[in-house]
Amino acid sequence: MDDMRNTAICFVFYLLFFSCSPDRTVQISGRMENGDSIVSIWAEDSIYNFPVDENRFFSGKVKMTRSGYATLLHNSLNLYLSPGEDLEIYMDALNFSGSLYFRGSLGGMNNYLKEQEVAVFFDKRDYELGEKEFVGKMKRLISEKMQLLEAKNFDPAFTRLERERICYSIADRMLYYPFYRQMTLQEEYVPGPDLTDFLSSFSLNNDELFGSKDYRSFLLNYVWFQRVDWNDNRRMSSFDGVLNYVLATVTNPAIKDFLLMEIVYRSIWENNGLDGADYLLSVFRRECSDRKKVAYMEEIIGQWERIVPGKPAPDFELADRQGRKIVLKDFSGSYLYVMVWATWCMPCKSEFSYLGWLQRKYNGRNIRFLTVAIDAPEHKAKWREFMDGHPCAGVHAFADSENNFNKNYMIISVPRFIFIAPDGTIIDSNAPRPSGQILQYFEALNI
């Protein structure tokens with residue numbers, strides 16, 4: 001009898017334990033019309049993809065350890081999710097802001113967030129105000145938005161977080177004030193204490209708000225704000241300095257990992273490669289505790305390492321205006337200067353006159369010139385039309401999104417210039433423009 005009694009007690013305990021264990025998921029469902037085949041949500045540093053069925057419905061669960069913000073990746077919209085609750089999302093991709101609405105236990109709070117997203121509450125003319133007046137107006141704006149929030153009488157946990165999100169969202173806009181005054185108004189403006197004291201009052205370690213895109217945007221813009229030497233004509237300090245600032249001020253591991261990765265990625269993006277990034281990479285590998293982020297960056301670094309000076313230039317197969325095939329071997333034995341551009345890029349088009357001058361200067365020398373337009377297939381006619389109206393020596397090719405040229409040469413921005421040696425090795429995968437210092441390269445090689 002005692003054994004039976006003990007078994008019964010254990011069974012009751014088992015039922016009580018599992019029936020009381022908290023639900024750490026949020027039920028997501030809804031309908032996406034005229035859109036992609038997948039609906040994606042970023043939550044707690046993970047991405048959840050929900051396939052859309054033949055009737056345009058989707059459903060699934062998102063894991064949440066606590067209530068907080070997430071991001072609907074379609075149009076990068078703030079969401080509020082809470083474990084054990086449900087959210088229904090309905091949208092038409094052809095009229096996203098006009099059609100989007102939410103239902104379910106989290107519907108009211110997310111409809112409010114959507115209204116805040118589309119509301120026009122910030123006038124860029126405010127940037128023309130004096131600093132003290134500008135900061136005062138932003139503080140009043142925060143107060144007004146908080147009064148509106150309090151009138152909604154939402155759940156206290158959401159209201160507390162939303163009060164903080166409002167502050168960060170407006171502080172993020174305020175970070176553009178110095179740039180606007182110097183760049184647009186052409187003023188010799190240096191941020192004063194009214195602005196800097198207010199901005200410095202915001203924490204860079206607010207773990208609860210990390211899911212909000214407004215907070216992540218503030219983090220990034222604030223560290224770039226610290227990169228500028230406002231007293232020296234907006235001189236930008238090195239990325240190394242920004243990274244050291246983050247190490248000195250950010251203690252939250254998840255936020256620090258996020259900023260470290262963004263700094264390294266931004267450095268690579270701005271420099272079109274790994275040049276000057278040795279310190280950044282060594283610190284990132286040592287300090288980043290998120291193995292997924294490290295693996296992601298190592299993959300990107302590995303792709304760039306394939307086109308550093310001295311490496312064999314990746315082969316390519318392109319087509320010229322007559323449809324004839326062009327491959328790297330066609331230029332073997334000669335230096336090759338490649339201009340990568342696009343029909344929509346005005347800075348690219350302005351380089352053609354300099355490129356023409358360069359070709360004429362080096363006519364008959366051991367160097368050849370290739371232009372590669374990277375564009376959507378439907379823009380091929382525009383490419384032909386532009387080239388017909390701007391005759392230029394050299395070989396001219398077109399590469400659409402299905403061509404591996406962009407991926408192999410890591411084309412992330414245009415214009416981009418690539419310099420290849422006669423033996424087919426990379427001299428510089430981010431060479432100077434024709435309007436820049438390319439002549440120094442050519443003269444140093446006695447071309």
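Start by selecting residues 25-33, which form strand β1, in this predicted model. Now add β4, residues 57-63: β1 and β4 run antiparallel to each other and are joined over seven bridges. To see one spot along this pairing, click on G30 and look across to F58 in β4, which stands opposite. Strands of a sheet pair through backbone hydrogen bonds, so show the backbone atoms here.

Next, bring in the rest of the sheet. It is an open sheet of four strands with mixed pairing, and their order is β4-β1-β7-β8. At the edges you will find β4 and β8 (101-103), each pairing on one side only. Turn the view a little and follow the twist, which averages 25° from one strand to the next.

Keep the sheet on screen and select residues 107-118. This is helix α3, which packs on the sheet and touches β7 (86-92) and β8. Compare directions: α3 makes about 165° with β8.

Now travel along the chain to residues 346-361, helix α13. Its 16 residues reach 24 Å from the first C-alpha to the last, close to the 22 Å expected at 1.5 Å a residue. Center on S353 to find a kink of about 30° in α13.

Which residues of α13 are buried? Colour C348, E351, F352, L355, G356, L358 and Q359 to see them. An α-helix has 3.6 residues a turn, so residues three or four places apart point the same way.

For the last stop, show what these buried residues of α13 pack against: the strands β13 (335-341), β14 (367-374) and β16 (416-420), along with the helices α14 (380-389) and α16 (438-444).

Methods: Residues are numbered from 1 along each chain as its sequence is written. This is a predicted model: local features need pLDDT of at least 70, side-chain atom pairs count only at pLDDT 80 or more; totals for chains, interfaces and linings use all residues. Side-chain values use heavy atoms; hydrogens and water are left out. Two strands pair if DSSP finds at least two bridges between them. Helices (H or I, at least four residues) and strands (E, at least two) are DSSP runs, numbered from the N terminus. Axes are lines fitted to C-alpha atoms, for helices over the stretch in contact, and angles run from 0 to 180 degrees between N-to-C directions. Contact means heavy atoms within 4.5 Å. The expected span of a helix is 1.5 Å times one less than its number of residues. The bend at a residue is the angle between axes fitted to the seven residues ending there and the seven starting there. Buried means under 20% relative accessible area, exposed over 50%, partly exposed in between (1.4 Å probe, protein chains only).
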